[in-house]
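User: I should like to examine the terms applied to this structure and the grounds for each of them. Please begin once the structure is displayed.

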Amino acid sequence: TPSGPYRAIGYASTSIQPGRNAAQKQLMAIRAAKAAAMRELAEKIYGADVGAQSSVGEGRIYNDVLRMNVEGLVRGARVVSIQPIRADVYEAVLEVDPAEVAAMRSRPPRSFYR
């Protein structure tokens, strides 16, 4: 358990975002970066379900699939910073206090979705 807050970083590109103009694309990139950081926080708090499947025949791999799922409810996340780190990329940094994480872990992660 970390002694300080749990911290997560998310990134998003402005050029691939939907929008009619540069300002809309910028706002969407900020939202996407924040969502990516939330996903990373959920992974740190609850873990990730990772699955893999490989098809092997005649001594070689024909198909190799890796799947990852993260699910959970994140509460009390604070935005530390959201800023452009390059001309086309935004970075969002979020953090959650350890006491808040302990409260989240005491509830099943799927309770929010039921």
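User: What makes Ile-9, Tyr-11 and Ile-85 a nonpolar patch on the surface?

Analyst: Patches are made of residues with over 30% relative accessible area and no salt bridge, where nonpolar side chains (Val, Leu, Ile, Met, Phe, Trp, Tyr) are joined within 5 Å and like charges within 9 Å. Ile-9, Tyr-11 and Ile-85 form a patch of the nonpolar kind, and together they have about 260 Å² of accessible area. Such areas come from the Shrake-Rupley method with a 1.4 Å probe, and for residues only the protein chains shown count as cover. The model is predicted: local features need pLDDT of at least 70 and side-chain atom pairs count only at pLDDT 80 or more, whereas totals for chains, interfaces and linings use all residues. Residues are numbered from 1 along each chain as its sequence is written, and side-chain values use heavy atoms, with hydrogens and water left out.

User: Why is Ile-9 called partly exposed?

Analyst: Buried means under 20% relative accessible area and exposed means over 50%, with partly exposed in between (1.4 Å probe, protein chains only). Ile-9 has 32% relative accessibility and therefore counts as partly exposed. Ile-9 is found in strand β1, residues 6-13; strands (E, at least two residues) and helices (H or I, at least four) are DSSP runs numbered from the N terminus.

User: Which strands stand at the edges of the open sheet, and what makes them edge strands?

Analyst: The open sheet has three strands in the order β1-β5-β4, paired antiparallel. β1 and β4 (78-84) are at the edges because each has a single partner strand, which leaves one side of each without a neighbour in the sheet. From one strand to the next the twist averages 15°.

User: How do you know that β4 and β5 are paired?

Analyst: Two strands pair if DSSP finds at least two bridges between them. β4 and strand β5 (residues 89-96) are joined by six bridges and run antiparallel, so the criterion of at least two is met. One of the bridge partnerships links Val-79 with Leu-94 in β5.

User: What makes β2 and β3 a pair, and how many residues lie between them in the hairpin?

Analyst: Strand β2 (residues 49-57) and strand β3 (residues 60-69) share nine bridges in the antiparallel sense, so the requirement for pairing is satisfied. Ala-52, for instance, has Leu-66 in β3 as its bridge partner. Two residues lie between the strands of this hairpin. Glu-58, in the loop between β2 and β3, has a positive phi of about 55° although it is not a glycine. With a relative accessible area of 75%, Glu-58 is classed as exposed.

User: Where do the helices lie against the sheet, and how are their angles defined?

Analyst: Helix α1 (residues 22-46) lies across β1, β4 and β5 and runs at about 145° to β1. Helix α2 (residues 98-105) packs on the sheet and touches β1 and β5, its direction making about 80° with that of β5. Axes are lines fitted to C-alpha atoms, for helices over the stretch in contact, and angles run from 0 to 180 degrees between N-to-C directions.

User: Why is Ala-29 called buried, and which residues does it touch?

Analyst: Ala-29, in helix α1, has a relative accessible area of 0% and is therefore buried. Contact means heavy atoms within 4.5 Å; leaving aside residues up to four places away in sequence, Ala-29 touches Ala-12, Ser-13, Thr-14, Gln-17 and Tyr-90.

User: How do you know that Arg-78 and Glu-95 meet in a salt bridge?

Analyst: A salt bridge requires a side-chain nitrogen of Lys or Arg within 4 Å of a carboxyl oxygen of Asp or Glu. Arg-78 and Glu-95 meet at 3.0 Å, N to O, so the pair qualifies. Arg-78 in strand β4 and Glu-95 in strand β5 are 17 residues apart, and the pair links distant parts of the chain. Salt bridges with shared partners join Arg-7, Arg-78, Glu-95 and Asp-97 into one network. Glu-95 is buried, at 13% relative accessible area, whereas Arg-78 is partly exposed, at 33%.

User: What separates the partners in the salt bridge of Lys-44 and Glu-40, in space and in sequence?

Analyst: The distance is 3.6 Å, N to O. Lys-44 and Glu-40 are four residues apart in helix α1, which means a separation of about one helical turn. Glu-43 and Arg-39 form another salt bridge, with the closest N and O atoms 3.9 Å apart, and both also lie in helix α1, four residues apart. The structure holds five salt bridges.
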